[in-house]
Number of protein chains: 2
Amino acid sequence: MEKEERYALIIVDMQNDFVLPGSPASVAGAYKTIPKIREALDMFRKLRWPVFHVIREYRADGSDIEITRLRGFREEKPYCVPGTKGSEIVEELKPVPGEYRIVKNRFSGFMNTELDFMLRRLGIIQIAVCGTQYPNCIRTTIFDGVSHGYDVSLLTDATSAQTPEIAEANIRDIANIGVKCLTVAEFGKEVRG
Amino acid sequence: MEKEERYALIIVDMQNDFVLPGSPASVAGAYKTIPKIREALDMFRKLRWPVFHVIREYRADGSDIEITRLRGFREEKPYCVPGTKGSEIVEELKPVPGEYRIVKNRFSGFMNTELDFMLRRLGIIQIAVCGTQYPNCIRTTIFDGVSHGYDVSLLTDATSAQTPEIAEANIRDIANIGVKCLTVAEFGKEVRG
(Lines give C-alpha, C1' and ligand atoms only; values in the text may rest on other atoms or scores of the structure.)
Protein backbone atom coordinates (compact mmCIF):
# COMPACT_ATOMS: atom_id res chain seq x y z
CA MET A 1 0.00 0.00 0.00
CA GLU A 2 1.38 3.39 -1.05
CA LYS A 3 2.20 5.91 1.61
CA GLU A 4 -0.49 8.30 0.42
CA GLU A 5 -3.12 5.63 0.88
CA ARG A 6 -2.61 5.52 4.62
CA TYR A 7 -5.41 6.60 6.91
CA ALA A 8 -5.18 8.02 10.39
CA LEU A 9 -7.59 6.68 12.98
CA ILE A 10 -9.30 9.32 15.12
CA ILE A 11 -10.88 7.91 18.27
CA VAL A 12 -13.01 10.54 19.99
CA ASP A 13 -13.79 10.94 23.72
CA MET A 14 -13.56 7.31 24.82
CA GLN A 15 -12.91 8.41 28.41
CA ASN A 16 -14.29 6.80 31.56
CA ASP A 17 -16.56 9.79 32.30
CA PHE A 18 -18.32 9.41 28.95
CA VAL A 19 -18.17 5.66 28.52
CA LEU A 20 -18.60 3.78 31.78
CA PRO A 21 -22.24 3.14 32.71
CA GLY A 22 -23.18 5.40 35.64
CA SER A 23 -20.36 7.85 34.96
CA PRO A 24 -21.09 11.60 35.25
CA ALA A 25 -21.52 12.27 31.52
CA SER A 26 -22.30 8.76 30.34
CA VAL A 27 -23.37 8.23 26.74
CA ALA A 28 -25.75 5.25 26.73
CA GLY A 29 -24.37 3.66 23.58
CA ALA A 30 -20.65 4.15 24.20
CA TYR A 31 -19.68 1.22 26.39
CA LYS A 32 -20.77 -1.46 23.97
CA THR A 33 -18.72 0.03 21.12
CA ILE A 34 -15.44 -0.67 22.90
CA PRO A 35 -14.83 -4.05 21.15
CA LYS A 36 -15.43 -2.59 17.68
CA ILE A 37 -13.15 0.39 18.38
CA ARG A 38 -10.55 -2.05 19.65
CA GLU A 39 -10.89 -3.99 16.40
CA ALA A 40 -10.24 -0.81 14.40
CA LEU A 41 -7.34 0.06 16.72
CA ASP A 42 -5.78 -3.37 16.27
CA MET A 43 -6.10 -3.00 12.49
CA PHE A 44 -4.28 0.35 12.55
CA ARG A 45 -1.62 -0.96 14.91
CA LYS A 46 -0.98 -3.90 12.60
CA LEU A 47 -0.80 -1.64 9.55
CA ARG A 48 1.42 0.82 11.50
CA TRP A 49 -0.86 3.67 10.52
CA PRO A 50 -1.18 6.72 12.80
CA VAL A 51 -3.64 6.73 15.68
CA PHE A 52 -4.96 9.83 17.42
CA HIS A 53 -6.83 9.58 20.70
CA VAL A 54 -8.79 12.81 20.85
CA ILE A 55 -10.09 13.53 24.33
CA ARG A 56 -11.85 16.22 26.28
CA GLU A 57 -10.51 18.07 29.29
CA TYR A 58 -12.01 20.84 31.44
CA ARG A 59 -10.41 22.82 34.22
CA ALA A 60 -11.87 21.94 37.64
CA ASP A 61 -13.26 25.47 38.13
CA GLY A 62 -15.25 25.28 34.88
CA SER A 63 -13.51 28.38 33.51
CA ASP A 64 -13.07 26.79 30.08
CA ILE A 65 -16.25 24.73 29.63
CA GLU A 66 -19.01 25.55 27.11
CA ILE A 67 -21.43 28.08 28.63
CA THR A 68 -24.33 25.65 28.12
CA ARG A 69 -22.62 23.07 30.33
CA LEU A 70 -21.31 25.40 33.00
CA ARG A 71 -24.13 25.19 35.51
CA GLY A 72 -24.36 21.40 35.48
CA PHE A 73 -20.59 21.08 35.72
CA ARG A 74 -20.35 23.44 38.68
CA GLU A 75 -23.49 22.55 40.60
CA GLU A 76 -23.91 18.87 39.87
CA LYS A 77 -21.00 16.80 38.69
CA PRO A 78 -17.72 17.85 37.12
CA TYR A 79 -16.21 15.55 34.49
CA CYS A 80 -13.10 15.21 32.32
CA VAL A 81 -10.96 17.01 34.88
CA PRO A 82 -7.25 16.27 34.29
CA GLY A 83 -5.77 14.06 36.96
CA THR A 84 -9.03 12.27 37.73
CA LYS A 85 -9.70 8.64 36.83
CA GLY A 86 -12.80 9.76 34.94
CA SER A 87 -10.77 11.79 32.48
CA GLU A 88 -8.64 8.81 31.47
CA ILE A 89 -9.17 6.81 28.32
CA VAL A 90 -10.95 3.51 29.01
CA GLU A 91 -8.63 0.67 29.89
CA GLU A 92 -9.29 -1.36 26.71
CA LEU A 93 -8.31 1.53 24.41
CA LYS A 94 -5.34 3.05 26.24
CA PRO A 95 -2.80 4.59 23.85
CA VAL A 96 0.46 2.73 23.30
CA PRO A 97 3.81 4.48 22.58
CA GLY A 98 3.76 6.08 19.14
CA GLU A 99 0.05 6.96 19.32
CA TYR A 100 -0.99 10.57 19.89
CA ARG A 101 -3.21 12.03 22.56
CA ILE A 102 -4.89 15.27 21.54
CA VAL A 103 -6.72 17.31 24.17
CA LYS A 104 -9.66 19.33 22.97
CA ASN A 105 -11.68 21.92 24.80
CA ARG A 106 -14.69 22.09 22.51
CA PHE A 107 -16.70 19.61 20.43
CA SER A 108 -14.52 19.32 17.34
CA GLY A 109 -11.18 17.57 17.43
CA PHE A 110 -9.94 20.23 15.03
CA MET A 111 -11.00 23.28 17.05
CA ASN A 112 -8.08 24.85 18.87
CA THR A 113 -5.91 21.75 18.70
CA GLU A 114 -2.76 20.68 16.88
CA LEU A 115 -4.58 17.81 15.12
CA ASP A 116 -4.54 19.36 11.65
CA PHE A 117 -0.85 20.34 11.96
CA MET A 118 0.11 16.82 12.97
CA LEU A 119 -1.90 15.09 10.24
CA ARG A 120 -0.31 17.38 7.66
CA ARG A 121 3.18 16.65 8.99
CA LEU A 122 2.46 12.94 8.57
CA GLY A 123 1.23 13.45 5.02
CA ILE A 124 -2.20 12.09 5.94
CA ILE A 125 -5.14 13.01 3.76
CA GLN A 126 -7.57 10.29 4.81
CA ILE A 127 -9.04 9.86 8.28
CA ALA A 128 -11.35 7.28 9.85
CA VAL A 129 -13.41 8.61 12.75
CA CYS A 130 -15.06 6.68 15.59
CA GLY A 131 -15.92 7.10 19.27
CA THR A 132 -18.59 9.12 21.00
CA GLN A 133 -20.98 10.81 20.60
CA TYR A 134 -22.66 11.16 17.21
CA PRO A 135 -24.45 14.53 17.46
CA ASN A 136 -21.67 16.48 19.15
CA CYS A 137 -17.97 15.63 18.99
CA ILE A 138 -18.20 13.06 16.21
CA ARG A 139 -20.28 15.23 13.97
CA THR A 140 -18.28 18.44 14.45
CA THR A 141 -14.99 16.57 14.01
CA ILE A 142 -16.24 15.03 10.77
CA PHE A 143 -17.59 18.30 9.37
CA ASP A 144 -14.37 20.12 10.27
CA GLY A 145 -12.33 17.27 8.79
CA VAL A 146 -14.17 17.63 5.49
CA SER A 147 -13.83 21.42 5.67
CA HIS A 148 -10.06 21.03 6.15
CA GLY A 149 -9.86 18.86 3.06
CA TYR A 150 -9.60 15.36 4.51
CA ASP A 151 -11.23 12.35 2.92
CA VAL A 152 -13.29 11.18 5.89
CA SER A 153 -14.72 7.77 6.74
CA LEU A 154 -17.06 7.19 9.66
CA LEU A 155 -16.86 3.81 11.39
CA THR A 156 -20.52 3.38 12.17
CA ASP A 157 -20.47 0.40 14.52
CA ALA A 158 -17.55 1.89 16.48
CA THR A 159 -19.42 5.15 17.14
CA SER A 160 -22.23 5.85 19.58
CA ALA A 161 -25.05 8.11 20.73
CA GLN A 162 -27.61 8.17 23.54
CA THR A 163 -30.16 6.34 21.34
CA PRO A 164 -30.14 4.42 18.02
CA GLU A 165 -32.50 7.06 16.56
CA ILE A 166 -30.00 9.84 17.22
CA ALA A 167 -27.24 7.72 15.70
CA GLU A 168 -29.27 7.00 12.56
CA ALA A 169 -30.32 10.60 12.04
CA ASN A 170 -26.69 11.71 12.28
CA ILE A 171 -25.36 8.98 9.99
CA ARG A 172 -27.91 10.05 7.38
CA ASP A 173 -26.77 13.69 7.52
CA ILE A 174 -23.09 12.74 7.55
CA ALA A 175 -23.50 10.39 4.57
CA ASN A 176 -25.28 13.21 2.75
CA ILE A 177 -22.15 15.39 2.73
CA GLY A 178 -20.20 12.59 1.07
CA VAL A 179 -18.55 10.89 4.03
CA LYS A 180 -18.18 7.13 3.66
CA CYS A 181 -20.15 5.47 6.44
CA LEU A 182 -18.79 1.96 6.93
CA THR A 183 -18.68 -0.69 9.60
CA VAL A 184 -15.24 -1.60 10.88
CA ALA A 185 -15.39 -4.82 8.85
CA GLU A 186 -16.36 -2.96 5.67
CA PHE A 187 -13.60 -0.40 6.27
CA GLY A 188 -11.13 -3.25 6.75
CA LYS A 189 -12.07 -4.76 3.39
CA GLU A 190 -11.79 -1.34 1.76
CA VAL A 191 -8.27 -0.61 2.93
CA ARG A 192 -6.93 -4.11 2.51
CA GLY A 193 -8.33 -4.27 -1.04
CA MET B 1 -12.04 49.86 40.28
CA GLU B 2 -14.95 48.64 38.16
CA LYS B 3 -15.01 45.05 37.03
CA GLU B 4 -14.66 46.03 33.39
CA GLU B 5 -11.45 47.90 34.17
CA ARG B 6 -9.65 44.74 35.15
CA TYR B 7 -6.75 43.51 33.09
CA ALA B 8 -5.52 39.97 32.65
CA LEU B 9 -1.77 39.40 32.81
CA ILE B 10 -0.36 37.18 30.07
CA ILE B 11 3.12 35.86 30.85
CA VAL B 12 4.63 34.15 27.81
CA ASP B 13 7.13 31.26 27.68
CA MET B 14 9.03 31.88 30.92
CA GLN B 15 10.12 28.24 31.01
CA ASN B 16 13.53 26.94 32.06
CA ASP B 17 14.43 25.91 28.49
CA PHE B 18 13.98 29.49 27.24
CA VAL B 19 15.10 31.42 30.30
CA LEU B 20 17.98 29.78 32.12
CA PRO B 21 21.41 30.72 30.74
CA GLY B 22 22.86 27.74 28.89
CA SER B 23 19.46 26.11 28.37
CA PRO B 24 18.69 24.49 24.99
CA ALA B 25 16.65 27.37 23.56
CA SER B 26 17.92 30.18 25.77
CA VAL B 27 16.87 33.76 24.99
CA ALA B 28 19.75 35.99 26.06
CA GLY B 29 17.60 38.72 27.59
CA ALA B 30 15.06 36.55 29.38
CA TYR B 31 16.73 35.67 32.67
CA LYS B 32 17.20 39.23 33.83
CA THR B 33 13.52 40.11 33.30
CA ILE B 34 12.41 37.68 36.01
CA PRO B 35 12.30 40.34 38.78
CA LYS B 36 10.20 42.74 36.69
CA ILE B 37 7.79 39.98 35.67
CA ARG B 38 7.56 39.00 39.33
CA GLU B 39 6.73 42.63 40.15
CA ALA B 40 3.88 42.58 37.62
CA LEU B 41 2.74 39.20 38.92
CA ASP B 42 2.69 40.45 42.52
CA MET B 43 0.65 43.48 41.39
CA PHE B 44 -1.94 41.26 39.72
CA ARG B 45 -2.04 38.88 42.68
CA LYS B 46 -2.66 41.79 45.03
CA LEU B 47 -5.39 43.20 42.79
CA ARG B 48 -6.86 39.67 42.38
CA TRP B 49 -6.88 40.09 38.62
CA PRO B 50 -6.57 37.04 36.36
CA VAL B 51 -3.14 35.67 35.46
CA PHE B 52 -2.41 33.40 32.49
CA HIS B 53 0.90 31.59 32.19
CA VAL B 54 1.15 30.80 28.50
CA ILE B 55 3.78 28.18 27.77
CA ARG B 56 5.10 26.10 24.93
CA GLU B 57 5.10 22.33 24.71
CA TYR B 58 6.32 19.98 21.98
CA ARG B 59 5.95 16.23 21.76
CA ALA B 60 9.28 14.42 22.22
CA ASP B 61 9.20 13.01 18.66
CA GLY B 62 8.88 16.49 17.15
CA SER B 63 5.65 15.56 15.40
CA ASP B 64 4.01 18.85 16.34
CA ILE B 65 6.87 21.37 16.14
CA GLU B 66 7.13 24.11 13.49
CA ILE B 67 8.77 22.73 10.35
CA THR B 68 11.52 25.34 10.59
CA ARG B 69 12.55 24.02 14.01
CA LEU B 70 12.19 20.33 13.31
CA ARG B 71 15.74 19.49 12.32
CA GLY B 72 17.38 21.28 15.26
CA PHE B 73 14.89 19.75 17.68
CA ARG B 74 15.47 16.22 16.41
CA GLU B 75 19.17 16.29 15.69
CA GLU B 76 20.51 18.68 18.31
CA LYS B 77 18.54 19.40 21.42
CA PRO B 78 14.85 18.90 22.14
CA TYR B 79 13.15 21.46 24.40
CA CYS B 80 9.81 22.15 26.07
CA VAL B 81 8.98 18.46 26.24
CA PRO B 82 6.25 17.82 28.84
CA GLY B 83 7.52 16.06 31.92
CA THR B 84 11.04 17.49 31.65
CA LYS B 85 12.46 20.07 34.06
CA GLY B 86 13.20 22.31 31.09
CA SER B 87 9.53 22.61 30.17
CA GLU B 88 8.58 23.92 33.61
CA ILE B 89 7.97 27.56 34.40
CA VAL B 90 10.96 29.14 36.17
CA GLU B 91 10.86 28.78 39.93
CA GLU B 92 10.34 32.49 40.67
CA LEU B 93 7.23 32.71 38.49
CA LYS B 94 5.51 29.40 39.24
CA PRO B 95 1.70 29.66 39.03
CA VAL B 96 -0.28 29.65 42.28
CA PRO B 97 -3.78 28.16 42.62
CA GLY B 98 -6.32 30.27 40.72
CA GLU B 99 -3.87 31.17 37.96
CA TYR B 100 -4.20 29.55 34.56
CA ARG B 101 -1.66 27.59 32.57
CA ILE B 102 -2.27 27.64 28.82
CA VAL B 103 -0.25 25.33 26.59
CA LYS B 104 0.43 26.56 23.10
CA ASN B 105 1.94 24.73 20.18
CA ARG B 106 2.75 27.69 17.96
CA PHE B 107 4.00 31.24 18.47
CA SER B 108 0.80 33.02 19.41
CA GLY B 109 -0.91 32.42 22.73
CA PHE B 110 -4.20 32.71 20.86
CA MET B 111 -3.47 30.14 18.17
CA ASN B 112 -5.20 26.83 18.84
CA THR B 113 -5.65 27.48 22.54
CA GLU B 114 -8.56 28.19 24.87
CA LEU B 115 -7.11 31.60 25.88
CA ASP B 116 -9.70 33.70 24.06
CA PHE B 117 -12.59 31.59 25.40
CA MET B 118 -11.35 31.95 28.96
CA LEU B 119 -10.74 35.70 28.76
CA ARG B 120 -14.26 36.16 27.38
CA ARG B 121 -15.76 34.05 30.16
CA LEU B 122 -14.02 36.29 32.68
CA GLY B 123 -15.32 39.42 30.97
CA ILE B 124 -11.78 40.60 30.30
CA ILE B 125 -11.22 43.13 27.51
CA GLN B 126 -7.80 44.42 28.53
CA ILE B 127 -4.61 42.38 28.62
CA ALA B 128 -1.04 43.14 29.67
CA VAL B 129 1.58 41.01 27.93
CA CYS B 130 5.13 40.21 29.05
CA GLY B 131 7.68 37.38 28.85
CA THR B 132 9.81 36.14 26.00
CA GLN B 133 10.66 36.65 23.22
CA TYR B 134 9.83 39.89 21.42
CA PRO B 135 9.96 38.89 17.73
CA ASN B 136 8.13 35.59 18.01
CA CYS B 137 5.68 34.65 20.73
CA ILE B 138 5.29 38.12 22.23
CA ARG B 139 4.69 39.79 18.93
CA THR B 140 2.26 37.20 17.53
CA THR B 141 0.33 37.09 20.82
CA ILE B 142 0.02 40.89 20.81
CA PHE B 143 -1.05 41.12 17.18
CA ASP B 144 -3.60 38.33 17.67
CA GLY B 145 -4.80 39.98 20.88
CA VAL B 146 -5.46 43.22 18.99
CA SER B 147 -7.09 41.26 16.16
CA HIS B 148 -9.41 39.58 18.66
CA GLY B 149 -10.48 42.95 20.01
CA TYR B 150 -8.47 43.23 23.22
CA ASP B 151 -7.01 46.47 24.48
CA VAL B 152 -3.37 45.37 24.77
CA SER B 153 -0.52 46.76 26.86
CA LEU B 154 3.05 45.57 26.52
CA LEU B 155 5.22 45.57 29.65
CA THR B 156 8.49 46.57 28.05
CA ASP B 157 10.93 45.94 30.90
CA ALA B 158 9.33 42.57 31.65
CA THR B 159 9.79 41.33 28.09
CA SER B 160 12.94 40.14 26.36
CA ALA B 161 14.77 39.32 23.14
CA GLN B 162 18.18 38.01 22.10
CA THR B 163 19.51 41.59 21.79
CA PRO B 164 18.37 45.11 22.78
CA GLU B 165 18.24 46.03 19.08
CA ILE B 166 15.71 43.32 18.35
CA ALA B 167 13.68 44.41 21.37
CA GLU B 168 13.65 48.06 20.27
CA ALA B 169 12.74 47.30 16.68
CA ASN B 170 9.80 45.21 17.87
CA ILE B 171 8.59 47.74 20.44
CA ARG B 172 8.55 50.36 17.69
CA ASP B 173 6.40 48.22 15.43
CA ILE B 174 4.10 47.17 18.28
CA ALA B 175 3.64 50.78 19.44
CA ASN B 176 2.81 51.71 15.85
CA ILE B 177 -0.32 49.56 15.85
CA GLY B 178 -1.60 51.37 18.93
CA VAL B 179 -0.47 49.06 21.72
CA LYS B 180 0.52 50.87 24.91
CA CYS B 181 4.18 50.13 25.62
CA LEU B 182 4.83 50.74 29.30
CA THR B 183 7.29 49.70 31.96
CA VAL B 184 5.83 47.72 34.85
CA ALA B 185 6.07 50.85 37.03
CA GLU B 186 4.25 52.97 34.43
CA PHE B 187 1.59 50.30 34.04
CA GLY B 188 1.17 50.21 37.81
CA LYS B 189 0.54 53.94 37.92
CA GLU B 190 -1.90 53.65 35.03
CA VAL B 191 -4.11 51.01 36.63
CA ARG B 192 -3.94 52.37 40.16
CA GLY B 193 -4.88 55.83 38.89
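Here are some numbered notes on this two-chain model, for someone opening it for the first time.

1. Ground rules. This is a predicted model, in which local features need pLDDT of at least 70 and side-chain atom pairs count only at pLDDT 80 or more, while totals for chains, interfaces and linings use all residues. Residues are numbered from 1 along each chain as its sequence is written, and chains are lettered from A, with ligands numbered from 1, in the order in which they are written.

2. Confidence. pLDDT is the predictor's confidence in each residue, from 0 to 100. Chain A averages 95 on that scale, and 98% of its residues score at least 70. For the complex, the predictor gives an ipTM of 0.83 and a pTM of 0.90.

3. How the two chains relate. Chain B lands on chain A after a rotation of 180 degrees with 0.0 Å of shift along the axis, at an RMSD of 0.0 Å. That is the relation of a two-fold axis. If you want to find the axis from chain B, look for B:Asn112: its C-alpha is the nearest one in that chain, 1.7 Å away. The fit is by least squares on the C-alpha atoms of residues with pLDDT of at least 70 in both copies.

4. Where they touch. Nine residues from chain B and nine residues from chain A make the contact. Chain B's side divides into two nonpolar, four polar and three charged residues. Here Ala, Val, Leu, Ile, Met, Phe, Trp, Tyr, Cys and Pro count as nonpolar, Asp, Glu, Lys and Arg as charged, and the others, Gly among them, as polar. The copies meet through the same surface, because 100% of the interface residues of chain B are also interface residues in chain A. Contact means that two residues have C-beta atoms, placed from the backbone, within 7 Å.

5. The sheet. In chain A, six strands make an open sheet with parallel pairing, in the order β3-β2-β1-β4-β5-β6. Its edge strands, pairing on one side only, are β3 (100–104) and β6 (180–182). Neighbouring strands are turned by 25 degrees against each other on average, direction ignored. Chain B also has an open sheet of six strands with parallel pairing, in the order β3-β2-β1-β4-β5-β6. For the terms: helices (H or I, at least four residues) and strands (E, at least two) are DSSP runs numbered from the N terminus, and two strands pair if DSSP finds at least two bridges between them.

6. Strand β4 of chain A. What does this strand pair with? On one side, β1 (residues 7–12) runs parallel to β4 (residues 126–132) over six bridges. Six bridges also join β4(A) to β5(A), again parallel. A good residue to click on is A:Val129, which stands opposite A:Ile10 and also opposite A:Leu154 in β5(A). At the start of the β1 pairing ranges, A:Tyr7 stands opposite A:Gln126. The strand is mostly covered, with six of its seven residues buried. Buried means 20 or more other C-beta atoms within 10 Å of the residue's own, exposed 12 or fewer, and partly exposed in between, with C-beta atoms placed from the backbone.

7. Helices on the sheet. Helix α2 (residues 34–47) of chain A lies across β1, β2 (51–56), β4 and β5 (151–160), at about 140 degrees to β5(A). Helix α7 (residues 184–192) of chain A lies across β1, β4, β5 and β6, at about 145 degrees to β5(A). Axes are lines fitted to C-alpha atoms, for helices over the stretch in contact, and angles run from 0 to 180 degrees between N-to-C directions.

8. Backbone oddities. Most residues other than glycine have a negative phi, and most peptide bonds are trans. The bond from A:Thr132 to A:Gln133 is cis, with omega near -10 degrees, and A:Gln133 sits in the loop between β4 and α5. Chain B has a cis bond joining B:Thr132 and B:Gln133, with omega about -10 degrees. A:Asp13, in the loop between β1 and α1 (16–19), has a positive phi of about 60 degrees. A:Arg48, in the loop between α2 and β2, has a positive phi of about 55 degrees.

9. Buried or exposed? A:Asp13 counts as buried because it has 27 C-beta neighbours inside 10 Å. A:Arg48 has 9 such neighbours, so it counts as exposed.

10. One residue on helix α5. A:Val146 lies in α5 (residues 134–147) of chain A. A:Val146 is partly exposed, because 16 other C-beta atoms lie within 10 Å. Leaving aside neighbours within four places in sequence, A:Val146 contacts A:Val152, A:Ile177 and A:Val179.
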